[in-house]
Amino acid sequence: MSPRNLGSLLVGATLLVPVPSQGQLPDGLDAYWAEVSRTVADGDFRGYASLYHPDAVLVSLASGTSVPIARALEGWEPGFVDVREGRAAAEVEFRFTRRLHDAASAHETGIFRYSLRPRGGEASVATVHFEALLVRVDGAWRMLMEYQKGPAPEEAWDAAGESTEAGRGAVGSGPAPRPEDTEVWEPVPRTVRPGRYAGPTSPPDDAIVLFDGSDLSEWVNVRDNTPAGWTVADGVVTVDKSVGDIQTRRRFRDYQLHLEWRVPEEITGEGQARGNSGLYLAFAGDPPGGYELQILDSYGNATYVNGMAGSVYKQHVPLANPARPPGSWQTYDVLWTAPRFNEEGVLESPARVTALFNGVVVQNDVVLKGRTLYRGVPVYRPHGEAPIMLQAHGDPSPPISFRNIWVRPLR
Ligand code: MG
């Protein structure tokens, strides 16, 4: 159909609908774009993917393709993993030139600017004309079509920033929070030589044994809820980074937990890329997923102190550093008090943690500020009983091992 025919058809059929409101944006639409920016900056792939309608389509004029969003997401996931694991930093900013909407649908036209900077490298930046079609499903905005039209010149980007109303046009603009913004480097907790490791602590008879050396029947893979795929051998389970994080089948509220972990003697890397894992004390799933008691080789390995072993990651520096050298077994004993939320999802009481690392108190009934974030400040989101999660960190150092994991729910 030629444009002329199309025009006459539209006029002839009086397909004109009321001019979309130029007034207030519908609830949650700006928050939607802010969430897109957040998930990109955090490398939160699952969060990002959830912002699309399952039947969404990506149309790219530049590459002349139209594909289901699942296909596009497959291609984008590795970039998110690089960001989440600190190998790269990404951000995206949106500027809109036209916003058509009613309460349940929106057609957004504008330009996005996406940048990806590998650690130690130069950022690559794409500035792209785009349109997005969104629908509101059960109260949540979901993108049904993303139409990438092609590169936008710098003047168009600048003009888009100027031509829109303050507070409406540039969503997610301004610098995204940087990981280093929430690092604390000083003072460094004093080193304590812990007592001798006396061998695995046998669980009390009322404990739920999560791993006794034989199998991972109490655990599933986070990514697809299938039986946990880490390697069990010689009474020890070793992280398989290709499998990803694992979590307990059971859910817990408040508990006492014992866990033993070992960084391999031949560990390589430095800082956060040396024996990194993590004990997520409650892993609610929806991002940001949970509350991390950091696991890392902290024996003579400098990093930010709110990211060393025994830290509540980026929230609470450990009171001491009782780390044993790589190749040694180390113990965590944890008292976890889960946060409480009322029926409206409002926080009623925050989470609290007491933790002993190799028998030395490293966290003394500290109050958590929310779920762990690599970028930005912790946030609370409501959840009930939740699994315990063990992290498969993507750094290239050899994987760590665990054994003798048990928990006693507290009522
Ligand atoms: Mg970790």
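These exercises with worked solutions walk through a predicted model of one chain.

**Exercise 1. Getting an overview**

Work out how many helices and strands the chain has, and what box its C-alpha atoms fill.

Solution. Start with the elements: there are five helices and 22 strands. Next, take the principal axes, along which the C-alpha atoms fill a box of roughly 85 × 45 × 35 Å. Then look at burial, where buried residues account for 36% of the 411 residues. Finally, turn to contacts between residues at least 6 apart in sequence: 65% of these join residues at least 24 apart.

**Exercise 2. Two domains and their contact**

Find the domains of the chain, then describe the side of domain 1 that touches domain 2.

Solution. The domain assignment gives domain 1 as 4-174 and domain 2 as 182-409. Their C-alpha centres are 36 Å apart. Nine residues from domain 1 and eight residues from domain 2 take part in the contact. On the domain 1 side, helix H2 (29-42), helix H3 (45-49) and helix H4 (69-84) each give two or more residues. By type, this side divides into five charged, two polar and two nonpolar residues.

**Exercise 3. Checking helix H2**

Compare the expected span of H2 with the distance between its end C-alpha atoms, then decide whether H2 is mostly covered or mostly open.

Solution. At 1.5 Å a residue, the 14 residues of H2 should span 20 Å. The end C-alpha atoms of H2 are 20 Å apart, so the two values agree. As for burial, H2 is mostly covered, with 10 of its 14 residues buried. Among them are Tyr32, Trp33, Val36 and Val40, together with the charged-type residues Glu35, Arg38 and Asp42. Just after H2 comes Gly43, with a positive phi of about 65°.

**Exercise 4. The five-stranded sheet**

Give the strand order of the open sheet and explain why one side of E9 and of E15 is left without a neighbour.

Solution. The order is E9-E12-E21-E14-E15, with antiparallel pairing. Strands E9 (219-221) and E15 (290-295) stand at the edges and have a single partner strand each, so one side of each lacks a neighbour in the sheet. Now step inside the sheet: E14 (residues 277-283) and E21 (residues 389-390) run antiparallel and are joined by two bridges. Across this pair, Leu279 stands opposite Leu390.

**Exercise 5. The largest nonpolar core**

Identify which residues of the largest nonpolar core touch the most other members, and which strand gives the most to this core.

Solution. The core has 51 residues, of which Leu279, Tyr280, Leu281, Ala282, Val334 and Val353 touch the most other members. Elements giving two or more residues include E14, E15, strand E16 (329-337) and strand E19 (352-357). E14 gives the most, with five residues. For a close look, take Val334: leaving aside residues up to four places away in sequence, Val334 touches Leu257, Leu281, Leu293, Val353 and Ala355. Another core, of 28 residues, lies apart from this one and has Val40, Leu58, Ile69 and Ile111 among its members.

**Exercise 6. Backbone exceptions**

Locate the cis peptide bonds at Pro187 and Pro288, then place Asn225 and Asp365, which have a positive phi.

Solution. Keep the background in mind: most residues other than glycine have a negative phi, and most peptide bonds are trans. The Glu186 to Pro187 bond is cis, with omega near -10°, and Pro187 is in the loop between E7 and E8. The Pro287 to Pro288 bond is also cis, with omega near -15°, and Pro288 lies in the loop between E14 and E15. Asn225 has a phi of about 65° and sits in the loop between E9 and E10. Asn225 has 10 other C-beta atoms within 10 Å, so it is exposed. Asp365 has a phi of about 55° and belongs to strand E20. With 11 C-beta neighbours inside 10 Å, Asp365 counts as exposed.

Terms used:
Residues are numbered from 1 along each chain as its sequence is written. This is a predicted model: local features need pLDDT of at least 70, side-chain atom pairs count only at pLDDT 80 or more; totals for chains, interfaces and linings use all residues. Two strands pair if DSSP finds at least two bridges between them. Helices (H or I, at least four residues) and strands (E, at least two) are DSSP runs, numbered from the N terminus. Domain bounds come from an automatic or database domain assignment. Two residues are in contact if their C-beta atoms, placed from the backbone, lie within 7 Å. The expected span of a helix is 1.5 Å times one less than its number of residues. A residue is buried if 20 or more other C-beta atoms lie within 10 Å of its own, exposed if 12 or fewer, and partly exposed in between; C-beta atoms are placed from the backbone. A nonpolar core is a set of buried Ala, Val, Leu, Ile, Met, Phe, Trp, Tyr and Cys residues joined through C-beta atoms within 7 Å.
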